[in-house]
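Student: I should like to learn how the terms used for a protein model are justified. May we take them one at a time?

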Amino acid sequence: MAVIEIYTTRLCPFCIRAKSLLRSKGVEFTEIAVDTNMELRREMTERSCGRSTVPQIFINDESIGGSDDLAALEREGRLDDLLAAQPGE
């Protein structure tokens with residue numbers, strides 16, 4: 001199973017949508033709240049090549065992007081394969 005990390009803020013509707021999609025897939029993920037932690041926000045921005053909006057989603061340490069990007073992967077039928085991949089595959 002893939003390692004999934006999602007940087008979020010509490011009241012972000014896009015974060016809520018992305019987490020809902022991941023939950024509907026039955027996968028576990030690590031949520032990293034950046035509401036009040038500037039160091040984590042900087043980490044997120046660095047890992048995502050300058051993207052500063054939330055959510056920022058990583059699957060097996062690969063930047064997926066935000067909620068719309070995650071939904072696009074689902075529509076294209078590619079999300080399940082990413083979620084099933086082992087780290088390093």
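Student: What does T9 touch, not counting residues up to four places away in sequence?

Tutor: In this predicted model, T9 touches C15, V34, D35, R41 and V54, with neighbours up to four places away in sequence left out. A contact here requires heavy atoms within 4.5 Å. T9 itself is found in the loop between β1 (4–8) and α1 (13–24).

Student: Why is T9 called buried or exposed?

Tutor: The relative accessibility of T9 is 14%. Buried means under 20% relative accessible area, so T9, at 14%, counts as buried.

Student: How do you know whether S67 is buried or exposed?

Tutor: The reasoning is the same in form. S67 has a relative accessible area of 6%; the limit is under 20%, and therefore S67 is buried. Its place is in helix α3 (residues 67–75).

Student: Which residues does S67 touch?

Tutor: Apart from residues up to four places away in sequence, S67 touches F14, R17, A18, P55 and I57.

Student: What makes F14 buried, exposed or partly exposed?

Tutor: F14, in helix α1, has a relative accessible area of 39%. Buried would require under 20% and exposed over 50%; 39% lies in between, so F14 is called partly exposed. F14 touches V54, P55 and S67, again not counting residues up to four places away in sequence. By contrast with these contacts, the C-alpha atoms of F14 and R42, 28 residues apart along the chain, are separated by 20 Å.

Student: What is the peptide bond from V54 to P55 called, and why?

Tutor: The bond from V54 to P55 has omega near 0° and is cis. Most peptide bonds are trans, which is why a cis bond is pointed out. P55 is found in the loop between α2 and β3.

Student: Where does S48 lie, and why is S48 called buried or exposed?

Tutor: S48 lies in the loop between α2 (38–47) and β3. Its relative accessibility is 4%; because buried means under 20%, S48 counts as buried. S48 touches Q56, F58 and S63, not counting residues up to four places away in sequence. The C-alpha atoms of S48 and Q86, 38 residues apart along the chain, are separated by 21 Å.

Student: Why is C49 called buried or exposed?

Tutor: C49 is also in the loop between α2 and β3. Its relative accessible area is 74%, and exposed means over 50%, so C49 is exposed. Phi of C49 is near 60°, a positive value in a residue other than glycine. Most residues other than glycine have a negative phi, which is why a positive one is pointed out.

Student: How do you know that β3 and β4 pair, and in which sense?

Tutor: Strand β3 (residues 56–59) and strand β4 (residues 62–65) are joined over 3 bridges in the antiparallel sense. Pairing requires at least two bridges; with 3, the two strands therefore pair. One of the bridges links I59 to its partner E62 in β4.

Student: What do β3 and β4 form, and how many residues are between them?

Tutor: β3 and β4 form a hairpin with 2 residues between them. N60 lies in the loop between these strands, and its phi is near 50°, a positive value in a residue other than glycine.

Student: How many helices and strands has the protein chain, and in what order do they run?

Tutor: The protein chain has 4 helices and 4 strands. From the N terminus on, the elements run β-α-β-α-β-β-α-α.

Student: What makes the radius of gyration agree with that of a compact globule?

Tutor: For 89 residues, a compact globule would have a radius of gyration near 12 Å; the protein chain has 12 Å, so the value agrees. Along its principal axes, the C-alpha trace spans about 35 × 25 × 20 Å. Of the 89 residues, 39% count as buried.

Student: What share of the contacts with a separation of 6 or more comes from residues 24 or more positions apart?

Tutor: Such residues account for 58% of those contacts.

Student: How many positive and negative side chains has the protein chain?

Tutor: There are 11 positive and 16 negative side chains, and the centres of the two sets lie 7 Å apart. The accessible surface comes to about 5300 Å², of which 49% belongs to carbon and sulfur atoms.

Technical notes. Residues numbered from 1 in each chain as written. Predicted model: local features only at pLDDT ≥ 70, side-chain atom pairs only at ≥ 80, totals over all residues. Heavy atoms only, no water. Rg over C-alpha atoms; globule rule 2.2 N^0.38 Å. Buried < 20%, exposed > 50% of the residue type's maximum accessible area, 1.4 Å probe, protein only. Areas by Shrake-Rupley, 256 points an atom, 1.4 Å probe, with all protein chains shown as cover. Lys, Arg positive; Asp, Glu negative; His and termini not counted. Charge placed at Lys NZ, Arg CZ, Asp CG, Glu CD.
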